[in-house]
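Here's a quick tour of a protein model, starting at the surface and working inward. Have the structure open as you read.

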Amino acid sequence: MKVAMVGNPNVGKTSLLNALTGGDFSVGNFPGVTVEKKEGKGLIDGKAVTFVDLPGIYSFQTESLDEKVARDYLEKDKPDLILNVVNALNLERNLYLTLQLTKFGIPMVIALNMIDEAEKERIRIDAKKLSEIIGVPVVKTSAVKGVGIEELKREILRGGSVPKDFSGDLQDIIRMAEKIAREVTVVEKHEKSEIDEALDEVFMDRYLGIPIFLSFMWMMFVFTYSVAQPLNDLLSFCFDTLASYVASFDGWFFSMLGDGVVAGVGSVLSFVPSIAFLFLFLSFLELSGYMPRAVFLVDGFMSRFGLNGRSVIPLIMGFGCNVPAILATRSIEDRKVRIVTALINPFMSCSARLPIYLLFAGIFFPKIGSVVIMSMYVIGVLIALISALILRKTLLKGESEFIMELPPYMLPNLKELWLMTWSRTKHFIQKAGTVILAMSVVVWYITTYPGSVEESYAAMLGKAIQPLFSPMGWSWELVLALISGFVAKEVVVATIGVLNIDIPSVMTSYQAFAYMLFTLLYMPCIATIAAIRAEIGAKWAVFAVLFSFSVAYAVALIATGVGMWL
């Protein structure tokens, strides 16, 4: 039996998939496209059931890639059952998709998910009446708490029912969704909704909203830099001591292990506390319901640069990692906005760049480190917006609109907060154990052979390219670190660790600031380029490399010139 899970974004489909399959699902791509596909297998009373989690969509009315994939799957693969996952907190908005699903003529079951949160908000939904109106079974569930899962399994096994036909034009469907929602829902006004309104009056204020958002970002960088710094220093000391101890043994193997693996990987892992605190803060903002409001708040501002609110979500995700952020652009209906958003995303400072900022800020700007680090993020955003404006006025002209729903405010569950923070931090650590480890060995090899560091392959490569960066006054060692950063930005720090560069002796503070700017803006890592190629095409991937390098070089050159003048 094959079940297609369909619903709006953020309705808890993945949590429900976990509950139905015990977490036994795989993640891949649908054939021929880059859209993510989750497929899980479960046993219900001994019967094997395959669940296919289709991408979250709001309707079948636009031309986004996610919607095309979902429609094609339902029309061509013909699943035995549609499991329509609906957010009980926003029934009317979700019913808009539900009514469109009835036209496929496939048996359906509705999971009225997040029912516990709806009841906390005193939203009462008559599931029996909703079932009679749509003509399919409706089950109240809470995937996170396991509520209604067994009843849902029984309804899935029964095969659901073919829904009544609610076909019509766009306006007809909107009116029907509104009418049905009114008939089956009772919302009691209570203190919490009044608190939500009061908070929105402050956070969404026309004049106060943006300063408050910037204040939160400022607190995040101070928190990330100041609180984590002692832990970073402790880890750095431990890894330096371990690297020296291992390298003290005779033989090339111990040299590689100490000077290569431990020094390179350790130089990156020593910044894990800062990365974890950054993700903790971002996760808190997301789970509390504030981040969607920040997105909505800056939509008007973004429209001045030819983008819209949907662009903000991938751009904010870029602070974590540019790869999933670029994949997230597929939800943008307007193709030109989608291309521009993908092209400017690498200017958003991902977590891989944070170790570079922390290293240089700690050495050259110890008293104002958080200010310098935040300036990197702000400059990255400004360069991204200016680039978007230029692209939208030249190569990719057009206009765009944006609609989104705002979730209620809530105090994040500690378990969810931990899981979200850990999953993101774990990805960073895994890169240290794979890509960065491999590159550390490569850097060790090319700096050790065929002779001393000054005569090594690394020196030959660095010195060959160094003249290009002579206007900035960077040594060949620092240039080599930039080259290795093309694989992954964390490798810049790993290379500096392997080469054991005495940074204060080879550059001034203004050169260090220019170097930080260059690492912020120059060529995306290999994985990001691959994501750009997969999402918007090879020619745009080449354009992204050339464009970002040109911007980085110009900005670093200007920063160096200003620094020398001052």
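Let's start on the outside: Leu242, Tyr245, Phe249, Trp252, Phe253, Phe254, Tyr445, Tyr449, Tyr457 and Met460 make a nonpolar surface patch of about 1000 Å². Bear in mind that this is a predicted model. Helix H10 (229-247), helix H11 (252-269) and helix H22 (457-465) each bring at least two residues to the nonpolar patch. H11 gives the largest share, with three residues.

Take Leu242 as one example from the patch. Leu242 sits in helix H10, and its relative accessible area is 41%. Partly exposed covers the range between 20% and 50%, so Leu242 counts as partly exposed.

Now for the aromatics. A search through the whole structure turns up 28 aromatic pairs. Two of them are set out here, with the distance between ring centres and the angle between ring planes.

| Ring pair | Centre distance | Plane angle |
|---|---|---|
| Phe203 and Phe216 | 6.0 Å | 55 degrees |
| Phe360 and Tyr515 | 5.2 Å | 40 degrees |

Plane angles under 30 degrees would be stacked and over 60 edge-to-face, so at 55 degrees Phe203 and Phe216 make a tilted pair. Phe203 belongs to helix H8 (residues 191-203) and Phe216 to helix H9 (residues 209-227), with their positions 13 residues apart in the chain. Both Phe203 and Phe216 are buried.

With planes at 40 degrees, the pair of Phe360 and Tyr515 is tilted too. Here Phe360 comes from helix H18 (residues 354-364) and Tyr515 from helix H26 (residues 509-521), so the pair ties together parts that are 155 residues apart in sequence. Phe360 and Tyr515 are buried as well.

That second pair has company: ring pairs join Phe360, Phe364, Phe469, Trp474, Tyr515, Phe518, Tyr522, Phe549 and Tyr553 into a cluster. What lies over the face of Tyr522? Lys489 does, at 4.6 Å from the ring centre.

Finally, a look at the backbone. Most residues other than glycine have a negative phi. Lys78 is not a glycine, yet its phi is positive, at about 45 degrees. Lys78 is in the loop that runs between helix H2 (65-77) and strand E5 (81-87). Met114, also not a glycine, has a positive phi of about 60 degrees. The loop that holds Met114 lies between strand E6 (108-113) and helix H4 (115-120). Is Met114 buried or partly exposed? Its relative accessibility is 21%, so Met114 counts as partly exposed.

Methods:
Residues are numbered from 1 along each chain as its sequence is written. This is a predicted model: local features need pLDDT of at least 70, side-chain atom pairs count only at pLDDT 80 or more; totals for chains, interfaces and linings use all residues. Side-chain values use heavy atoms; hydrogens and water are left out. Helices (H or I, at least four residues) and strands (E, at least two) are DSSP runs, numbered from the N terminus. Buried means under 20% relative accessible area, exposed over 50%, partly exposed in between (1.4 Å probe, protein chains only). Patches are made of residues with over 30% relative accessible area and no salt bridge: like charges are joined within 9 Å, nonpolar side chains (Val, Leu, Ile, Met, Phe, Trp, Tyr) within 5 Å. Accessible areas come from the Shrake-Rupley method with a 1.4 Å probe; for residues, only the protein chains shown count as cover. A salt bridge is a side-chain nitrogen of Lys or Arg within 4 Å of a carboxyl oxygen of Asp or Glu. Rings of Phe, Tyr and Trp (its six-membered ring) pair if their centres lie within 6.5 Å; planes under 30 degrees apart count as stacked, over 60 as edge-to-face and the rest as tilted. A charge sits over a ring if NZ of Lys or CZ of Arg is within 6 Å of the ring centre and within 35 degrees of the ring normal.
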